[in-house]
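Please examine the sequence and the structure shown below before reading on. The paragraphs that follow are best read with both in view.

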Amino acid sequence: MAREKLGKEAIAEALAGLDGWSLAGDGGSIRRSFVFKNFSEAFAFMTRVALAAEKMDHHPDWSNVYKTVNVTLNTHDAGGVTALDIELAKKMNRYFGG
């Protein structure tokens, strides 16, 4: 998957199809908070995402406090949001909902 920085229009179009995700204030990343029933569910989600991220060789910037996982995605070597970020965000949404 390409590591080319997406333009503002492409990011806006992608975000329109990504429930819960928004453009961060810096304009160079997307973010979302996932809230679970408890810590175990949050940690299980992070484990599943970690395995997918490793296969993609694309890793999230995230934090976990009890049942909440806060995620920021961007592609550092591209200097912004790329198709990799959008794909990982889609996987996270599927894992959260499924």
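The following account moves from a helix and the loop before it to salt bridges and then to the surface. The model is a predicted one.

A convenient starting point is helix α3, which covers residues 83–97. This helix has 15 residues, and from its first C-alpha to its last it reaches 21 Å, close to the 21 Å expected at 1.5 Å a residue. Its buried residues are Leu-84, Asp-85, Ile-86, Leu-88, Ala-89, Met-92 and Asn-93. What covers these buried positions includes two helices, α1 (8–16) and α2 (39–56), together with the strands β2 (30–35), β3 (61–65) and β4.

Within α3, Asn-93 deserves separate attention. Asn-93 lies in this helix and has a relative accessible area of 16%; since the limit for a buried residue is under 20%, Asn-93 counts as buried. What surrounds the side chain of Asn-93? Leaving out residues up to four places away in sequence, Asn-93 touches Leu-18, Asp-19, Trp-21, Arg-32 and Phe-34. With one of these residues there is also a polar approach: a polar atom of the Asn-93 side chain lies 3.1 Å from the backbone oxygen of Asp-19.The loop between β4 (68–73) and α3 holds several residues of interest, among them Val-81 and Thr-82. Thr-82 is buried, with a relative accessible area of 0%. The side chain of Thr-82 is joined to that of Thr-75 by a polar contact of 2.6 Å. Val-81 is likewise found in the loop between β4 and α3, and its relative accessible area of 1% makes it buried. Which residues, beyond those within four places in sequence, are in contact with Val-81? They are Glu-4, Lys-5, Leu-6, Ile-11, Gly-28, Ser-29, Ile-30, Leu-73 and Ile-86. Of these, Leu-6 is 75 residues from Val-81 along the chain, and yet the C-alpha atoms of the two are separated by 5.8 Å. Ile-86, another contact of Val-81, is one of the buried residues of α3.

Charged side chains provide further links. How many salt bridges does the structure hold? There are three. In one of them Arg-3 pairs with Asp-57, the closest N and O atoms being 3.9 Å apart. Arg-3 lies in the segment before α1 and Asp-57 in the loop between α2 and β3, so this pair ties together parts that are 54 residues apart in sequence. Arg-3 also forms a salt bridge with Asp-77, where the closest N and O atoms are 4.0 Å apart. This second pair links distant parts of the chain as well, since Arg-3 is in the segment before α1 while Asp-77 is in the loop between β4 and α3, 74 residues away. Arg-3 counts as partly exposed at 34% relative accessibility, whereas Asp-77 counts as exposed at 61%.

The remaining salt bridge to describe involves Arg-94 and Glu-87, with the closest N and O atoms 3.9 Å apart. Both residues count as partly exposed: Arg-94 has a relative accessibility of 47%, and Glu-87 has one of 23%. Salt bridges that share partners join Arg-3, Asp-57 and Asp-77 into one network.

Asp-57 also has a backbone feature to note. Although it is not a glycine, Asp-57 has a positive phi of about 55°. Its place is in the loop between α2 and β3. A positive phi in a residue other than glycine is found for Tyr-66 too, with a value near 50°. Tyr-66 is located in the loop between β3 and β4.

Is Tyr-66 buried or exposed? At 53% relative accessibility, Tyr-66 counts as exposed, because the limit for that class is over 50%. Tyr-66 also takes part in a nonpolar surface patch of about 450 Å², which it makes with Phe-39, Phe-43 and Val-65.

Taken in order, these points lead from the buried residues of α3, through the buried loop residues Val-81 and Thr-82, to the network of Arg-3, Asp-57 and Asp-77 and the nonpolar patch at the surface.

How values were computed
Residues are numbered from 1 along each chain as its sequence is written. This is a predicted model: local features need pLDDT of at least 70, side-chain atom pairs count only at pLDDT 80 or more; totals for chains, interfaces and linings use all residues. Side-chain values use heavy atoms; hydrogens and water are left out. Helices (H or I, at least four residues) and strands (E, at least two) are DSSP runs, numbered from the N terminus. Buried means under 20% relative accessible area, exposed over 50%, partly exposed in between (1.4 Å probe, protein chains only). A polar contact is a pair of N or O atoms within 3.5 Å; within protein, one must be able to donate a hydrogen and the other to accept it, and residues adjacent in sequence count only if both atoms are side-chain atoms. The expected span of a helix is 1.5 Å times one less than its number of residues. Contact means heavy atoms within 4.5 Å. Patches are made of residues with over 30% relative accessible area and no salt bridge: like charges are joined within 9 Å, nonpolar side chains (Val, Leu, Ile, Met, Phe, Trp, Tyr) within 5 Å. Accessible areas come from the Shrake-Rupley method with a 1.4 Å probe; for residues, only the protein chains shown count as cover. A salt bridge is a side-chain nitrogen of Lys or Arg within 4 Å of a carboxyl oxygen of Asp or Glu.
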